[in-house]
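Student: Before we look at the model, I should like to learn how its features are to be read.
Tutor: Then let us take them in turn.

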Amino acid sequence: MMVFTCVPGPGRLQKKCLGKTYSDKNATARAGLCRAAVALLGLLLLLASQSLWAASQRLVLTGSSTVAPLALEMAKRYEQQHPGVRIDVQTGGSSRGILDARRGLADIGMVSRALQATEGDLTAYTIAMDGIGIIVHRSNSVAALTDQQIVAIYRGQIRNWREVGGADRPITVVNKAEGRSTLELFLQYFGLKNSQIRAQVIIGDNQQGIKTVAGNPGAIGYVSIGSAEYEEQRGTALRLLPMAGHSASVANVARGEFPLARQLNLVVVGQSSPLAQQFIAFAQSESVRDLISAQFFVAP
Amino acid sequence: MAKRGLEDASTAAGTIAERLFTLLVWGAAALVVAMLLWVLGDVLVMGLSHLSWEFIVAAPEDAGRRGGIGPILVSTLLILLVALAAAVPLGLAVAVWLAEFTRRGGRFANSIRLTLDVLAGVPSIVYGLFGNAFFSLYLGLGFSLLAGGLTLACMILPVFIRTCEAGLSMVNNDWRRGALALGMSRTSAIWHILLPAAAPAIVAGLILGIGRATAETAALIFTSGYVDRMPGSLLDSGRALAVHIYDLSMNVSGGDGAAYASALILIGLIVVLNTLAQWLAERWLSRRILNS
Amino acid sequence: MTLSAHNSSSHLNGGAARTDRNLARLLALLAGGCALLLVLILGFLLLEAWPLLGSGGWRAFIRDSGWYPLEGQFGIAPMVWASLAVTLGAIVLALPLGLASAVFVRFYAPPKLAAGYRLLLNLLAGIPSVVFGLWGLTQLVPLIASWQPPGASLLAAILVLALMILPTVALTSAAALAALPADLLAGAAALGISRKGQILRVAIPAARAGIVSGALLAAVRALGETMAVLMVAGNVVQNPSSLFAPVRALTANIALEMAYATDLHRAGLFASGLLLTLLVLLLAWLAARVVQRAPRGSVYE
């Protein structure tokens with residue numbers, strides 16, 4: 001707005017532009033811009049070139065979003081102990097971890113399940129264990145569900161909590177999105193196909209499931225036990241249900257008693273680099289036990 | 001007498017409708033303010049308790065639950081810097097061409113305009129996929145601030161160009177005729193008269209771009225990545241603030257406090273950057289036209 | 001409108017003319033380069049989606065009733081409808097509110113209040129979509145769930161999106177209204193037309209082109225919004241049958257599964273991206289037509 005009012009019309013413009021100073025100003029402005037551009041370009045180049053001699057050794061990890069926060073913490077500790085090493089952790093999914101490891105995009109893949117028969121070209125190193133627990137809203141009066149009831153609820157045959165001894169309230173079935181290893185494990189355990197499930201909400205990561213269940217008194221979902229236990233203790237409005245008679249707790253996963261448990265793995269293809277081997281050994285060693293429990297997992 | 005009565009009735013009806021309309025307009029404005037306060041209030045209440053100077057400068061610990069967001073802020077700003085450094089000069093150039101060097105209704109220019117409008121609508125997630133394949137893999141930049149910034153540059157470019165072009169074509173034609181009559185070359189007319197005159201639109205475009213780039217999540221997960229340490233160079237991977245918020249709220253148990261505090265910082269950052277852009281552009285561009 | 005109208009630059013000296021010509025060439029080249037970006041993106045999407053499209057998979061988009069890529073079912077159609085429903089709903093809500101906001105700023109609010117309100121709108125525009133999603137997930141969805149479970153629904157997505165695109169509608173409409181010549185409204189006032197009449201029958205029709213193109217811009221934004229929709233819409237792949245039913249938008253589909261997808265599943269997601277881009281193309285074409293039909297200043301005729 002300013003500029004319009006400052007120069008009311010061509011008349012005044014003419015007076016100013018006809019002066020000799022005009023072309024000088026023109027040149028100065030252009031030179032100024034050139035200098036700014038050169039300075040900026042120089043700054044970019046400087047920043048880019050630094051990496052050429054910094055960080056002599058680099059390790060890239062990609063894959064499971066469940067493993068990523070844990071691997072990131074392990075990587076930070078490893079970097080502290082080994083100056084000059086940089087470990088980049090990128091999140092995605094287990095299948096991405098396997099794909100990237102195979103294509104050589106990543107040195108190590110992160111996979112939140114055991115390897116399958118078709119994945120014989122990979123070697124897995126288990127760094128932690130995790131359980132998957134059924135969660136409901138805290139106000140839900142149902143104390144336990146049998147496996148059959150869970151299957152019936154997820155297949156849409158039971159649609160109200162009244163039918164399993166709860167309050168008269170419609171059930172909101174929370175399911176995971178296609179491709180998640182949590183979903184694969186859940187389907188495998190209950191002998192279901194994903195197309196048989198009649199879900200009302202489909203979620204991506206753990207925490208979205210926890211927030212969805214905590215915000216809906218009729219919801220039922222399944223998430224990583226460690227996270228759910230932690231949230232329960234913090235007073236989040238949810239409750240873990242026991243499964244097949246075993247209460248869903250990190251302690252039970254550690255004892256190997258919980259039926260729906262999974263491995264958290266680092267995977268490599270063929271002969272891996274010495275650095276990758278060292279990092280995997282570090283990730284399986286005693287010195288990262290506190291990091292594993294801090295992320296609510298169980299040491300293998 | 002009868003006629004006068006009729007007139008009275010119509011004005012009375014007019015006033016009632018008039019009042020109702022006024023009420024509606026004020027009501028709508030109040031509703032918008034209320035919704036904004038609800039959203040902002042939620043973020044403020046949840047985030048303020050977690051906020052401190054320490055939080056702004058420290059490095060994240062324990063997957064972001066403790067510690068701060070220092071390195072993430074640096075990454076965010078570097079990504080933004082790369083995006084603006086690439087998009088602003090290029091965007092201004094194309095906008096000038098569209099507004100000043102093409103005929104109205106010209107085929108080539110119109111098809112470029114349509115292309116830009118489509119590009120402006122291409123969802124950020126698609127830019128993310130493209131950036132991952134083109135910058136990260138094809139050009140070999142990997143997961144890096146450079147790849148993320150360039151992806152964002154592609155993303156904000158179309159809207160920036162169209163806003164600047166609109167601003168340029170709003171400039172009164174007398175100015176162009178005046179410059180021509182004075183024997184100024186088109187190049188200097190553009191530089192000294194038209195661009196400064198279009199400054200408000202350029203600022204608007206800049207603000208739109210900064211807002212979109214700073215707040216972007218989807219496009220950055222696949223390009224600049226997830227690493228939350230202090231970047232050593234533009235070729236390092238670095239986590240943007242919006243990606244951090246998404247990860248904390250969707251993937252990290254007990255990350256909500258830090259997520260809301262980060263959201264508060266992000267909103268504050270956008271406000272500060274916008275104000276700065278406005279101030280800089282007004283100063284720089286208006287001073288140039290005054291001096292010349 | 002442009003300098004090209006006065007192409008007789010013979011009175012300029014040769015050097016300046018040459019600079020101008022070179023500049024024009026350079027700029028045209030850059031513009032072409034920008035446009036090439038779309039070709040690159042489209043080509044890349046097509047290439048990645050080809051494993052599915054080439055094998056006749058596009059028929060599956062319509063035929064298959066569900067989206068279970070790992071079981072070979074690729075029913076994309078419900079997500080197209082969901083994306084369109086979410087966008088339409090958001091526009092239906094945001095257009096009147098945004099227009100009213102613009103009218104408020106331009107005609108009703110005292111200058112200081114108008115400036116403050118404009119600032120608020122800019123602030124609203126600056127809130128990242130992740131934050132809207134977070135707010136929707138923790139505040140709005142539970143509220144709807146307590147009334148009509150499951151809460152995560154078409155309605156939740158529409159409400160959050162309407163709020164997100166409101167500033168776009170309001171600010172573009174306000175700009176269109178502000179660009180109207182002052183004597184237009186003064187003339188209407190002199191004719192004794194009431195304020196409401198001035199606004200509804202003179203100002204808004206005159207600013208129609210700007211308002212409509214702003215609304216279309218907002219629609220495109222709603223169509224492409226990812227994170228917030230993913231967090232509140234429920235993400236179940238089904239035709240949008242009721243406001244309270246969960247739906248999955250095309251964008252959410254990509255964001256939700258991309259990191260986890262391989263092979264044909266991945267191709268299916270790129271096909272989602274391609275469809276989305278085609279929808280945007282359609283909207284942009286519509287917008288171009290609207291702007292052409294209602295040239296600036298049509299009110300003078």
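Tutor: The dialogue that follows concerns chain B and the nonpolar core.
This is a predicted model, in which local features need pLDDT of at least 70 and side-chain atom pairs count only at pLDDT 80 or more, while totals for chains, interfaces and linings use all residues. Residues are numbered from 1 along each chain as its sequence is written, and chains are lettered from A in the order in which they are written.

Student: How many helices and strands are there in chain B?
Tutor: Helices (H or I, at least four residues) and strands (E, at least two) are DSSP runs, numbered from the N terminus. Chain B has 12 helices and 2 strands. Its radius of gyration, taken over C-alpha atoms, is 24 Å, well over the 19 Å that the globule rule gives for 292 residues, so chain B is more spread out than a compact globule. That rule is 2.2 Å times the number of residues to the power 0.38.

Student: Into which domains is chain B divided?
Tutor: Domain bounds come from an automatic or database domain assignment. Here they give domain 1 (2-49) and domain 2 (57-288), with centres 36 Å apart over C-alpha atoms.

Student: Which residues touch the most other members of the largest nonpolar core?
Tutor: In soluble globular proteins, nonpolar side chains tend to be buried together. A core joins buried Ala, Val, Leu, Ile, Met, Phe, Trp, Tyr and Cys residues through C-beta atoms within 7 Å; buried means that 20 or more other C-beta atoms lie within 10 Å of a residue's own, with C-beta atoms placed from the backbone. Of the 286 residues in this core, those residues are Ala156(C), Val160(C), Leu161(C), Val232(C) and Ala233(C). Helix H6 (residues 154-178) of chain C gives the most, with 20 residues.

How values were computed: A residue is buried if 20 or more other C-beta atoms lie within 10 Å of its own, exposed if 12 or fewer, and partly exposed in between; C-beta atoms are placed from the backbone.
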